[in-house]
Amino acid sequence: QSGEVAANPEQYDESYLCPVQVGQTTLNLDFDTGSADLWVFSTLTPKSESTGHSLYNPSTGTKKSGYTWDISYGDGSGASGTVYADKVVVGGVTATSQAVEAATSVSSQFEQDTDNDGLLGLAFSSINTVEPQAQKTFFDSVKGSLAKPLFTADLKKGAAGTYDFGYIDSSKYTGSISYVNVNTANGFWEFTASGYAVGSGSVSGSVGDAIADTGTTLMYLPTTVVQAYYNKVDSADYDSNQGGYTYDCSENLPNFLISLGGKTFTVSGTDINFAPVDSSGETCFGGIQENTGIGMSILGDIFLKSVFVVFDQTQSTPRLGFAAQ
Ligand SMILES: Cc1cc(CN)n(C)n1
């Protein structure tokens, strides 16, 4: 089988939500290549936490007795609950008995984001949080039945993009796809990014160890790289109150160039211009921030919205393919 699903952006492209049939209900889920749990708001979630969300009703599923899950994300959000086996359909691709993690508790960030009815993890199943036994991701569940064991991400700035499962749509990218091998030891789509440049010109240095993470909004890079970037932004300043680099919204940001698999990709300054910090619209928060304390770089949506990415398990070593959109 194969299929395509829309990826609809929230305001400021904070995250992208995709319609997924879970049991007999369609929910809008955040496809996250940086985690491996498929969890959903449910009729088991306290009403005080689930108002405004679409809810999975586990009555259509088979309860996995004694199984629980509990996940925390890099942004401090989290959720926990119980586990059911049920039908999950993404763009016509069907997992007949997918582990569906029904939330019995969600953090305030999820409670408040009523566009979001849960997450669909697309990292490696080795980091699934279900106890006493880790469960397969949706991709792992259907991988063997897909025309090709791969999926692609084609996210857009302020417009609907797509995730495709089982095939590469050559109309969605230009030029050739350059591939890098993935190290799955930490359960992420983790690879080594090479040289970079600010504005234009030839790349040099090295961004280093990085993950492709559709569930993270921004780009988190080594301090040396980030300082080199904002040195080219006159009004930029590290604002500890905001927790990152800010600048005058009126200032045009430079492009950021990064080399992956021998090919240089350009993230436009307009894509790096993330969002105002408050309603005055005077000061803006940058889409490139420091990776301090994370342990690796994260190429999140700010990067991903200008490239076409292949998450490829056609070979014994998984690999990532990158092409310009
Ligand atoms: C909910 C969520 C997902 C991710 C990325 N894996 N973050 C940082 N927050």
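# Exercises on a predicted model with a bound ligand

Tyr 12 is found in the loop between strand 1 (3-9) and strand 2 (16-22). The model is a predicted one.

**Exercise 1.** State what is notable about the phi angle of Tyr 12.

*Solution.* Begin with the value: phi of Tyr 12 is near 60 degrees. Next, consider the sign and the residue type; the angle is positive, and the residue is not a glycine.

**Exercise 2.** Find which peptide bond is cis, and place Pro 132 in the chain.

*Solution.* The cis bond joins Glu 131 and Pro 132, with omega at about 5 degrees. As for its place, Pro 132 belongs to the loop that runs between strand 8 (118-121) and helix 3 (138-142).

**Exercise 3.** Describe the largest pocket by its volume, its lining and the elements that contribute to the lining.

*Solution.* Start with volume: the largest pocket holds about 1200 Å³ of space. Its lining consists of 36 residues, and those nearest the centre are Tyr 73, Gly 74, Asp 75, Gly 215 and Thr 216. Elements giving two or more residues to this lining are strand 3 (25-32), strand 5 (62-72) and helix 2 (108-112). Sorted by class, the lining has 16 nonpolar, 13 polar and seven charged residues.

**Exercise 4.** Locate the ligand, list the residues around it and sort them by class.

*Solution.* The ligand sits in the largest pocket. Taking residues with a heavy atom within 4 Å, the shell consists of Asp 32, Gly 34, Tyr 73, Asp 75, Ser 77, Phe 110, Leu 119, Asp 213, Gly 215 and Thr 216. By class, the shell has three nonpolar, four polar and three charged residues.

**Exercise 5.** Identify polar side-chain contacts to nitrogen atoms of the ligand, and say how much of the ligand the protein covers.

*Solution.* Use a cut-off of 3.5 Å between N or O atoms.

1. Asp 32 has a polar side-chain atom 2.8 Å from a ligand nitrogen.
2. For Asp 75, the distance from a side-chain N or O atom to a nitrogen of the ligand is 2.9 Å.
3. Asp 213 places a polar side-chain atom 3.3 Å from a ligand nitrogen.

Finally, the ligand on its own has 290 Å² of accessible area, and the protein covers 88% of this area.

Note on methods. Residues are numbered from 1 along each chain as its sequence is written. This is a predicted model: local features need pLDDT of at least 70, side-chain atom pairs count only at pLDDT 80 or more; totals for chains, interfaces and linings use all residues. Side-chain values use heavy atoms; hydrogens and water are left out. A polar contact is a pair of N or O atoms within 3.5 Å; within protein, one must be able to donate a hydrogen and the other to accept it, and residues adjacent in sequence count only if both atoms are side-chain atoms. Accessible areas come from the Shrake-Rupley method with a 1.4 Å probe; for residues, only the protein chains shown count as cover. On a 1 Å grid over the protein atoms alone, a cavity is a set of points where a 1.4 Å probe fits but cannot get out, and a pocket is an open set with protein on both sides within 12 Å along at least five of seven lines; lining residues have an atom within 4 Å of a point. A molecule sits in a cavity or pocket if more than half of its atoms lie within 2 Å of its grid points. Ala, Val, Leu, Ile, Met, Phe, Trp, Tyr, Cys and Pro count as nonpolar, Asp, Glu, Lys and Arg as charged, and the others, Gly among them, as polar. Grid points are joined across faces, edges and corners, and a volume is the space filled by probe spheres set on the points. Helices (H or I, at least four residues) and strands (E, at least two) are DSSP runs, numbered from the N terminus.
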